[in-house]
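Welcome, and please have your viewer open with the cartoon and the side chains ready to switch on. We will go from one selection to the next and see what is there.

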Amino acid sequence: FLMLIGSVPVLSQNYVALNTNSRVRTRPTVKSDAVEGQWGSLLLSKGEVHRVIGESGDWYHIVISGFNNTKGYVMKKFCMSASRMSFQQLKVSGRLP
């Protein structure tokens, strides 16, 4: 999923980075349950990068990096495109794609 432009590695697939902390939902609505992790509702941190596998209205359907390919939904307004960002611009959260 990496390619080099010049000497700077960039993501080459459809990824988003969170611009704020965000809960992950089981369906594309705020009324749906949060995805559960080992210690309760899963809260993703600002700067984390996750692969987009679909869209539904104002929501991205993502694969949550580092959680056994768990899938969920995050609101688009809490994300920014990471497909052309270098790793130097992204927070290394321990859960890179």
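Start by selecting T70, which is partly exposed with a relative accessible area of 29%. In this tour, buried means under 20% relative accessible area, exposed means over 50%, and partly exposed lies in between (1.4 Å probe, protein chains only). T70 sits in the loop between β9 and β10. Show its surroundings and, leaving out residues up to four places away in sequence, you will find it touching V35, I62, V63 and I64; a contact here means heavy atoms within 4.5 Å. Now draw a distance from the C-alpha atom of T70 to that of G37: the two residues are 33 apart along the chain, and the separation is 9.4 Å.

Before going further, a word on what you are looking at. This is a predicted model, so local features need a pLDDT of at least 70 and side-chain atom pairs count only at pLDDT 80 or more, while totals for chains, interfaces and linings use all residues. Residues are numbered from 1 along each chain as its sequence is written, and side-chain values use heavy atoms, with hydrogens and water left out.

**Zoom out to the whole chain**

Colour by secondary structure. The protein has zero helices and eleven strands. Both kinds of element are DSSP runs numbered from the N terminus: helices are H or I with at least four residues, strands are E with at least two. Of the 97 residues, 37% count as buried. Switch on the surface and about 5700 Å² is exposed, with carbon and sulfur atoms supplying 48% of it; these areas come from the Shrake-Rupley method with a 1.4 Å probe, and for residues only the protein chains shown count as cover. Among contacts between residues at least 6 apart in sequence, 56% join residues at least 24 apart.

**Colour by confidence**

Next, colour by pLDDT, the predictor's confidence in each residue, from 0 to 100. The average is 76, and 71% of the residues score at least 70. Select residues 1–12: the pLDDT is below 50 there, and this stretch has 38 contacts in the model beyond near neighbours in sequence. Residues 91–97 also stay under 50, with 19 contacts beyond four places in sequence. Where pLDDT is low, the predicted coordinates should not be read in detail. Among the elements, strand β1 (residues 2–5) has the lowest mean pLDDT, 40, and β10 the highest, 94.

**Walk across the sheet**

Select β10, β9, β8, β3 and β11. In that order, these five strands form an open sheet with antiparallel pairing. Two strands count as paired if DSSP finds at least two bridges between them. The edge strands are β10 and β11 (79–81), each pairing on one side only. From one strand to the next, the twist averages 50°, an angle between N-to-C directions on a scale from 0 to 180 degrees, with axes fitted to C-alpha atoms (for helices, over the stretch in contact).

Begin at β10 (residues 71–75): four of its five residues are buried, so the strand is largely enclosed by the rest of the structure. Its partner β9 (residues 59–63) pairs with it over five bridges, and V63 stands opposite K71. Five bridges also join β9 to β8, where S56 stands opposite W59. Two residues lie between the strands in this hairpin, and G57 takes a positive phi near 60°. On to β3, which pairs with β8 (residues 49–56) over three bridges; A17 has V49 as its bridge partner.

Stay on β3 and pick Y15. Is Y15 buried or exposed? At 4% relative accessibility, Y15 is buried. The C-alpha atoms of Y15 and A82 are 5.2 Å apart, though 67 residues separate them along the chain.

**Look inside**

Which residues make up the largest nonpolar core? Select V16, L18, V24, V35, L42, L44, V52, Y60, I62, I64, V74 and C79. β3 and β9 each supply at least two of them. A nonpolar core is a set of buried Ala, Val, Leu, Ile, Met, Phe, Trp, Tyr and Cys residues joined through side-chain atoms within 4.5 Å.

Finish with S22, found in strand β4 (residues 22–23) and buried at 5% relative accessible area. Beyond four places in sequence, S22 touches L42, L43, L44, V74 and F78. From the other side, the contacts of L42 include S22, V24, I64 and F67.
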